[in-house]
Each structure stands twice: as C-alpha cells, then as structure tokens.
Amino acid sequence: MGMRVLVGMAFVCIGMVSASRAAEEAGRDNEIVTAKLKLIELQEGVDTVLARPMIMSVVGKPFSIDGGGFHWEGTFHPLRDGKVGAELKFVVRSSSKDKEDDQEWHRITTQVDSRFSAKPGETKRIRLNSTQRLEVTLEVMQADDVQAEDRPIAKPGTHSKAAPSTRLPTAAVKEVSAVFRLYDRNDDGKARLLSEPSLRTAVGRPANFVTGGELVKEGAKPDPWEFGTRINLHVQELKEDRVDVEFKFSLTSLWSPKQGWIDGWFNSDREDHISGVSFQSRYMAKLGEWKIIRSGTGRWLEVKFEEVTP
C-alpha cells in the first residue's frame, strides 16, 4: 500500500514538473530576442567598429541575414534560469583580383560558430583572430510589446556562389608538391605559425588534405562542427616554370567545449566556439617562389609549389 502511494506521488510530481515546463515553453513562444552585434578590429592599438548589425527573432525560430560583406544566422533558445541560449554563425567575406592578370583572384572567409548562454543585457565577447572580435548583446521582450512595423525580423538570405573554374588541358601527367603556411600574430605582434601542411599531386587531378575531426552537437541540432586543416587543390597546368593552380585552404579551431544538450534544453553553463579562416585562390604560381595572400584580419597564408622530378 505504501509502495503504491509513493509511486502515485512520483507520477504526480513528474506531471507537475512536465506541466510547469510546458507552461514555461508555451509562454516563451511569444518572446522575441533582440541581438545587437559589433564586429570590432584593432587598428594601430585602437578599436574600430567594422559592422554593427541588429536583428529581432522569435525564440526557437531560425534567422538569417546578409549584407555588407557578412552573413549572420542562428537560433535563440529559452532557458529556465532567465538566460537566453544562442546558436550563432557569423561569416565575414572579402575578395581581391589582380589588376594585371584577370585569371588571378583570391577570396578570404573568416567564420565563427558559437553556442553560449547569456543574461539579457549581458555582452558576450568572442575572439575571431588576433585583431578582430565579436560582441553580442541579447535582449528579450514579448511579441505583443513590439509594433509590427518595428520588427526587422530576419528573412532567409541569398548566398553567392563562386564562379566555376576553367579546366585547362595538360600535355602530360606530371607531379607537383605544395607547401602551405598559415600565420597569425601574437599579442606582442610577433608572427606565429598556425599550420604547415604539405601535399603532392598530379597535374590535372584534384587532391585533398584533411586533419582534425568533428564535434557532434547533441540534441535538437545534431549537425557536427568540423575542425582542423582542410585543403582542396587542383593544379590545372604546368608550363615551364609556372603552374596554374586553384585551391581552398581552411583552418578551424575549437575552444571552450563544455557539456551538451539536456532533454532538448540548452545547458546554461555551456559555451562552445569554433572559429576559422579559409582562403580560396586561383592564380599562376612561379615554381619555387612563396606567394603571400593576406586576409586583412591579422592572418596570412604563404604558399609554394615545386615540380616533383622522377
């Protein structure tokens, strides 16, 4: 008899907790999060604001926005302790083209993916690289308190696609070796080598280089985060002392990993960030010479190609 009473009490408690959580989730369906973001770069010792986007999004609904060379997407999640959980992706893009050689171009992308929690009004600072950081401030309000004309709710953005490469014929199968060096600067301004992979490939055939792994995001959004060094290289033609090359080099780093999702709720103690930079280039490289490609964000890539003799 006593056992039955205890079991019955347990079911009542579980029902009360479930009802309380359901009521809280239902109440939060009407919440809107205002996110204010600053992209800040340190220029000659002074902080300079490069972008200052703001977005309003309903809790639990994904948003996406493009503009001014950046892309911002994410989802906000409700928390039981008054904080807001955020999953955000911020991408900054830049490009350059050689004035004398219209076949040479470079595209640099810096990206940060973050999962964190913050109290309303609290500013979260996320470091992109040695010179740039993001500052994100979240505010929460009820949808009924926001006038319809004042709601800049994000809509799905459009994404540009890279121009298809021109595949050139090769007279004979030859091999080329490639060395990539990615540098950053320490706080004292000195150069720091972040990665130095090398690979060997046949002319006219694509080659890939991969190191690193994946961080599996548990719960409601299981897509993994990839980290490490990745290279996609295509040496399209070898002519005397020059090679026509096209490649994409990316380095992604994971930091501050903590516990995962709990019963579909965002753990208010978690904070994960994964930041990376990628270089996508097409140019005619001279064998034996280092090519320096600067990102404008404190990082730069040095690349050298050599013909492999039998």
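**Exercise 1.** Are Tyr 183 and Trp 300 buried or exposed?

*Solution.* The model is predicted, so local features need pLDDT of at least 70 and side-chain atom pairs count only at pLDDT 80 or more, while totals for chains, interfaces and linings use all residues. Residues are numbered from 1 along each chain as its sequence is written, and side-chain values use heavy atoms, without hydrogens and water.

Step 1. Relative accessible area is classed as buried under 20%, exposed over 50% and partly exposed in between (1.4 Å probe, protein chains only). Tyr 183 and Trp 300 are both buried.

**Exercise 2.** Determine how the aromatic rings on strands β10 and β18 pair.

*Solution.* Step 1. Rings of Phe, Tyr and Trp (its six-membered ring) pair if their centres lie within 6.5 Å; planes under 30 degrees apart are stacked, over 60 edge-to-face, and the rest tilted. This rule yields seven aromatic pairs.

Step 2. For Phe 180 and Phe 305 the centres are 6.4 Å apart and the planes stand at 80 degrees, so this pair is edge-to-face. Because Phe 180 belongs to strand β10 (residues 175-185) and Phe 305 to strand β18, the pair ties together parts 125 residues apart in sequence. Strands here are DSSP runs (E, at least two residues), numbered from the N terminus.

Step 3. Phe 180 has 0% relative accessibility and counts as buried; Phe 305 is buried as well, at 0%.

Step 4. The rings of Tyr 183 and Trp 300 have centres 5.3 Å apart and planes at 10 degrees, so they are stacked. Tyr 183 lies in β10 and Trp 300 in β18, so this pair ties together parts 117 residues apart in sequence.

Step 5. One aromatic cluster is formed by Phe 180, Phe 247, Phe 249, Tyr 283 and Phe 305.

**Exercise 3.** Identify the charged groups placed over Tyr 283 and Trp 300.

*Solution.* Step 1. The criterion is NZ of Lys or CZ of Arg within 6 Å of the ring centre and within 35 degrees of the ring normal.

Step 2. Lys 291 has its charged end over the ring of Tyr 283, 5.2 Å from the centre. Over the face of Trp 300 lies Arg 294, at 5.8 Å from the ring centre.

**Exercise 4.** Trace the salt bridges of Glu 135 and Asp 244.

*Solution.* Step 1. A salt bridge requires a side-chain nitrogen of Lys or Arg within 4 Å of a carboxyl oxygen of Asp or Glu. The structure holds twelve of them.

Step 2. Glu 135 meets Arg 125 at 3.3 Å, N to O. Glu 135 is in strand β9 (residues 132-142) and Arg 125 in strand β8 (residues 123-127), so parts ten residues apart in sequence are tied together. Glu 135 is buried at 12%, whereas Arg 125 is exposed at 53%.

Step 3. Glu 135 also bridges to Arg 133, with the closest N and O atoms 3.1 Å apart; Arg 133 is partly exposed at 24%.

Step 4. Asp 244 and Arg 282 form a bridge of 2.9 Å, N to O. This pair links distant parts of the chain, strand β15 and strand β16 (residues 271-286), 38 residues apart. Both residues, Asp 244 and Arg 282, are buried.

Step 5. Salt bridges with shared partners join Asp 47, Arg 125, Arg 133 and Glu 135 into one network.

How values were computed. Helix = DSSP H or I, 4+ residues; strand = E, 2+ residues; numbered from the N terminus.
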